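Got the viewer open and a selection box ready? Let's walk through this one stop by stop.

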Amino acid sequence: MHSWPQPVVPAVSGTPVPLSLYDTADRVVKPVNTAAHHSGKVGMYVCGITPYDSTHLGHAATYLSFDLIYRQLLANGHDVHYVQNITDVDDPLFERAERDGVDWRELGTEQINLFRSDMEVLSVIPPQDYVGAMETVDEVIEMVQRLLDVGAAYRLDHGDIYADITATKQFGYESNMTREQMEHFFAERGGDPDREGKRDTLDALVWRGHREGEPAWDSAFGPGRPGWHVECSAIAANRLGVPFAIQGGGSDLAFPHHEFSAAHAEAATGEQRMAHHYVHAGMIALEGVKMSKSLGNLVFVHKLTEQGHSASAIRLAVFSGHYRQDRDFSYEALDQAEHRLKSWHTILSQTDQQSRVEQTIQDLRQALADDLDTPTAIQIIDAAKGDYNGLLRQAIEGLLGVKVGSNDE
């Protein structure tokens, strides 16, 4: 599946500063393992959308966070192998299509195209591999078979296959949740704790046997379709190798999705960790209230741009808070971002000594290398007094993806 066009990412002057990020598993900010990928590139896998509804600003904020990571790695001279999936076969998609009386494939295609458009408008660097679940069913089948072969999965009636949480000794290390917390979020986030016959209520589905009215693919263990978690395990392992550098997504994916994706990949490969870093972005609320379709308070990127707000202002409004925090988005924050862009344009239209600008760029690099400290980065730019041959302007665009003094402003 194709992704979206590559934005221009200007080169950033100054001395590279190694990137450190908070790792959910180790619960500490630590350096990114830039030698993690088997091909010499830094491997990053970020979980993509389930295309059953328009992606809102909360989703966009997650992808903007990992775009920041990509930009810091590029500015440090690293090649990045970025992979992102699309869960284009899953229950929420089928349910929404049935509710709206449309074909689930058409619904998925429509929402994927809208997502691509939003990412392009926001100048998000696209993944090299943008992969739909339907494209990789054979890979999932291979991994499920491997899990069965090593005794990490078992069969139930209706052709369903589940992975056993005891298959890896380290299960639970990624999220660091208690059993009680796991049970709560498993039930809340797509799990099926009440499924009869499971060895443990937390065991996760890796293959759903065929049901009437659902798509199915043939396999040696019967027709069916992939489970959610194993889809990402197979896609990541086959393109990045295990372990790779960064597994990412929103904080709501830490459990069960990332815990099980890691467990499946580790059981299948025998590795102790799927990724060296598990990185999670916080949730976005609107005016203090969590964004929810049921509340009707979703903010969409394409709606904001239709209203005349620039992509750079949207990025800057999102970056005004730290990526790991659950934080608020408001139209006031967007107005402040637009005002700040105009102020930066005025400042950067002046000239100053090269040494001063070089120090500002170095300070900017340092702030962003420290777990993407965008609030501090913004303060550093606010305090800048001038520009020298556009170096600072280039650094702001290269590191933050924010264009100052352009048609996008």
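In which loop does Arg27 lie? Select Arg27 and you land between strand S1 (20-23) and strand S2 (28-31). Bear in mind throughout that this is a predicted model. Arg27 isn't a glycine, yet its phi is positive, at about 55°. As a general point, most residues other than glycine have a negative phi. Put a surface on: Arg27 counts as exposed, because its relative accessibility is 55% and the cut-off is over 50%.

**Zoom out: the whole chain**

Colour by secondary structure and you should find 13 helices and 14 strands. The radius of gyration is 22 Å, close to the 22 Å that the globule rule gives for 409 residues, so the chain is as compact as a globular protein of that length. Turn the C-alpha trace along its principal axes and it spans about 70 × 45 × 35 Å.

Now think about the inside. Buried residues make up 58% of the 409 residues. Of the contacts with a separation of 6 or more, 79% are between residues 24 or more positions apart. On the outside, the accessible surface comes to about 17000 Å², and 46% of that belongs to carbon and sulfur atoms. If you colour by charge, there are 34 positive and 60 negative side chains, with the centres of the two sets 2 Å apart.

**Stop: helix H2**

Select residues 91-100, which form helix H2. Show the side chains of Leu93, Phe94, Arg96 and Ala97: these are buried. They cover an arc of only 170° around the axis, which puts them on the same side of H2. Spin to the other side of H2 and you meet Glu95, Glu98 and Arg99, which are exposed.

What do the buried residues of H2 pack against? Add helix H3 (104-121) and strand S9 (224-226) to the selection; those are the partners. Before you leave, click on Gly101, just after H2, where phi is positive at about 70°.

**Stop: Tyr70 in helix H1**

Next, select residues 57-75 for helix H1 and pick out Tyr70. Tyr70 counts as buried because its relative accessibility is 5%, and the cut-off is under 20%. Leaving aside neighbours within four places in sequence, Tyr70 is in contact with Met44, Val80, Tyr82, Ile125, Pro126 and Gln128. Try the distance tool from Tyr70 to Val42: 28 residues separate them in sequence, and their C-alpha atoms are 9.5 Å apart.

**Stop: two cis peptide bonds**

Most peptide bonds are trans. Which residue does a cis peptide bond join to Val242? Pro243, with omega at about 5°. You'll find Pro243 in the loop between helix H6 (228-240) and strand S10 (244-250).

For another cis bond, move to Phe255 and Pro256, where omega is about 10°. Pro256 is found in helix H7 (residues 254-269). At 1% relative accessibility, Pro256 counts as buried. Show what surrounds Pro256: leaving aside neighbours within four places in sequence, the contacts are Phe185, Phe186, Arg189 and His229. Then draw a line from Pro256 to Met182; they are 74 residues apart in sequence, but 7.3 Å apart in space, C-alpha to C-alpha.

**Stop: His258**

Stay on helix H7 and select His258. Buried or exposed? Buried, with a relative accessible area of 0%. Now bring up the residues that His258 touches, not counting those up to four places away in sequence: Cys47, Glu174, Gln247, Gly248, Gly249, Leu253 and His280.

**Last stop: Asp371**

Finish with Asp371, in the loop between helix H11 (354-369) and helix H12 (374-383). Asp371 has a positive phi of about 55° although it is not a glycine, and you saw a positive phi of about 55° at Arg27 too. Check the surface here as well: Asp371 is buried, with a relative accessible area of 3%, whereas Arg27 counts as exposed at 55%.

How values were computed
Residues numbered from 1 in each chain as written. Predicted model: local features only at pLDDT ≥ 70, side-chain atom pairs only at ≥ 80, totals over all residues. Heavy atoms only, no water. Helix = DSSP H or I, 4+ residues; strand = E, 2+ residues; numbered from the N terminus. Rg over C-alpha atoms; globule rule 2.2 N^0.38 Å. Buried < 20%, exposed > 50% of the residue type's maximum accessible area, 1.4 Å probe, protein only. Contact = heavy atoms within 4.5 Å. Areas by Shrake-Rupley, 256 points an atom, 1.4 Å probe, with all protein chains shown as cover. Lys, Arg positive; Asp, Glu negative; His and termini not counted. Charge placed at Lys NZ, Arg CZ, Asp CG, Glu CD. Arc of directions from axis to C-beta.
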